[in-house]
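Please look over the sequence and the model shown here before reading on. The report that comes after them is written for a reader who is meeting this structure for the first time.

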Amino acid sequence: MSQKHRIGLGVLMLLLLVGAVLGIDALQRARSEKDSVGEVVLTAGSVPIYLDGKLVAGFQPTDLEHLAKVSFVDPAEGKTQEGWLLRDVLLLHIKRSTLKATMLISVSSSSRSKSAQVTWAEADDTANWVMFDLAGRGTLKLVSVMDKLDSRDEWVQDVDRIEVTNP
Amino acid sequence: MRQRYFSTFQLILLAQFAALIVVAKIALRLPLQLSGHSGLFWMAIMIVATGVVPKRGAATVVGLTSAILAAFLGLGDFGALDTFLSYLAVGVGTDLILWLLGSPEQPVIAALAGALGHFAKFLVKWALAGVVGAPMGFVALGLLKAIVSYLVFGALGGLLGALTLAALRKAGFFAYLAERK
C-alpha cells in the first residue's frame, strides 16, 4: 500500500470514529429528549432543581442565554475555572424572596456518588465563586474558592441534581 | 542469549519522555479555555519519543509509564482509573496509527498520528463517562467542540513533534544515539 493510501486510510478511520461518537451521542439525546415531570420539562443533559423535595425546574442549555459567564483562577492548581454562578442559576428559577440565608443547597452527582452542601448565604456571596465549570466532556462541575470546595477531591463532577432545602 | 526488544538505554529514554509528559501536564498552564489543549505538548513529546526510539510499542511504553505516574500523582478530574486509561490510550492510539502510517518524521504523518493518538484519549474518557453513567453533556454542541479541539491540538502537537525531530536530526542527535545503543 502506498503512503498516500495509508494516510487516506488514517483520515478515514478518524472520520469514522468521530462520526460514531457523534452518532451515538445524537441517538442518546434523541432517546432522552424532553422528559416531562409534571409541568417541568427536562431536556437531555439538563440538571433538575428541587425545592423542598419538589421538582421546580431544570437547569438547561437555553438558560445560558440569560446567565453571565464568570471565571476565576483556582489558586491550588493555577487553572482557570470558567462557567456560571450557582446563585445565578438558582435565581433564574426560584424567586429571591423564597431563598433564605440558612437554606441548604445540595449539588450532587449520582454517577460519582458525590455531593456538596452550601448555604444560600455562601452561594449568594460572589466572592466565594460557587459556580459550575463546563468539564471537557460537556458535563457540569461544581467548584469554588471556599475551603470545603476548593480542591479537586471536593469538587462535584458530572452534576445531575440540585436540591434546595430548609434546614 | 535472547536479545531484549528495548535496550535499557531506550527504556530510560522512554521513561524520561513519560516523566516529561506528566511534569508538563502539571507545570504548563496554557491560558486557553479549550478542552484538550494539553495535546499540544503531550503529542509533541509522544511523537518525539516514537522518533527517538523507532520501535513498535515505544509510544505504549511512554503511555503506560506516564499513566502510572499520573494516576499515583492524582492527576485528572475523574479519578485514578480515568487518568490511567486515558494516559495509556494516548500511547496505544499513537502506536496503532504509526503502525499503519510509518515514520513520524514526516509532518503529515506526525500531525495525523498526533490527532488520532490524542483522540484515543478523548474516546476513553467519553466511553468511561458512559460506563459510569455520567449525565449527558450539558451543551449539545459541547461534544463536537471538544472533539474538534482534541483533534486540532493533537495534530498541532504532532506537527511540533515532527519539527523537533527534524531539529534533533539536524543537530546530530540521532548519530549520537546510534553510538549509545
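## Inside chain B

Gly63(B) is found in helix α3 of chain B, where helices and strands are DSSP runs (H or I of at least four residues for a helix, E of at least two for a strand) numbered from the N terminus. The model is a predicted one, in which local features need pLDDT of at least 70 and side-chain atom pairs count only at pLDDT 80 or more, while totals for chains, interfaces and linings use all residues. Residues are numbered from 1 along each chain as its sequence is written, chains are lettered from A and ligands numbered from 1 in the order in which they are written, and side-chain values use heavy atoms, with hydrogens and water left out.

At 0% relative accessibility, Gly63(B) counts as buried, a word that means under 20% relative accessible area, with exposed meaning over 50% and partly exposed lying in between (1.4 Å probe, protein chains only). Not counting residues up to four places away in sequence, Gly63(B) touches Met46(B), Tyr87(B), Leu88(B) and Gly91(B), contact being taken as heavy atoms within 4.5 Å. Gly63(B) and Ala115(B) stand 52 residues apart in sequence, and their C-alpha atoms are 15 Å apart in space.

Ala110(B), which is found in helix α5 of chain B, is likewise buried, with a relative accessible area of 0%. If its neighbours within four places in sequence are left aside, Ala110(B) is in contact with Ile47(B), Pro104(B), Gly158(B), Leu159(B) and Ala162(B). The C-alpha atoms of Ala110(B) and Glu179(B) are separated by 26 Å, the two residues being 69 residues apart along the chain.

A further buried residue, Ser38(B), has 7% relative accessibility and belongs to the loop between α1 and α2 of chain B. Its contacts, again without residues up to four places away in sequence, are Lys25(B) and Lys121(B).

Helix α1 (residues 8-27) of chain B has 20 residues and should span 28 Å at 1.5 Å a residue, which agrees with its end C-alpha atoms being 28 Å apart; the expected span of a helix is 1.5 Å times one less than its number of residues. The buried residues of α1(B) include Leu13(B), Leu14(B), Phe17(B) and Ile21(B), and what covers the buried residues of this helix includes α2 (39-52), α3 (58-72), α4 and α7 (173-180) of chain B. For α4(B), with 22 residues, the expected span at 1.5 Å a residue is 32 Å, and its end C-alpha atoms are 32 Å apart, in agreement. After α4(B) comes Gly102(B), whose phi is positive, near 100°.

## Where the two chains meet

The contact takes 38 residues from chain B and 45 residues from chain A. The size of an interface is often given as the accessible area lost when the parts come together. Between chain B and chain A the buried area, which is the accessible area (1.4 Å probe) that two parts lose on being put together, summed over both, is about 3700 Å², and carbon and sulfur atoms give 68% of it.

On the side of chain B that touches chain A, α4 (80-101), α5 (107-131) and α6 (140-170) of chain B each supply at least two residues, and α5(B) gives the most, with ten residues.

## Salt bridges

How many salt bridges does the structure hold over all chains? The count is nine over all chains, a salt bridge being a side-chain nitrogen of Lys or Arg within 4 Å of a carboxyl oxygen of Asp or Glu, whereas between chain B and chain A the count is zero. Some of these pairs are set out below.

| Acidic residue | Basic residue | Closest N to O |
|---|---|---|
| Asp124(A) | Arg87(A) | 3.5 Å |
| Asp158(A) | Arg112(A) | 3.8 Å |
| Glu122(A) | Lys148(A) | 3.0 Å |

Arg87(A), Asp88(A), Arg96(A) and Asp124(A) are linked in a network of salt bridges. In the pair of Asp158(A) and Arg112(A), Asp158(A) is buried, with a relative accessible area of 0%, while Arg112(A) is partly exposed at 22% relative accessibility. In the pair of Glu122(A) and Lys148(A), Glu122(A) is partly exposed, with a relative accessible area of 22%, and Lys148(A) is partly exposed at 40%.
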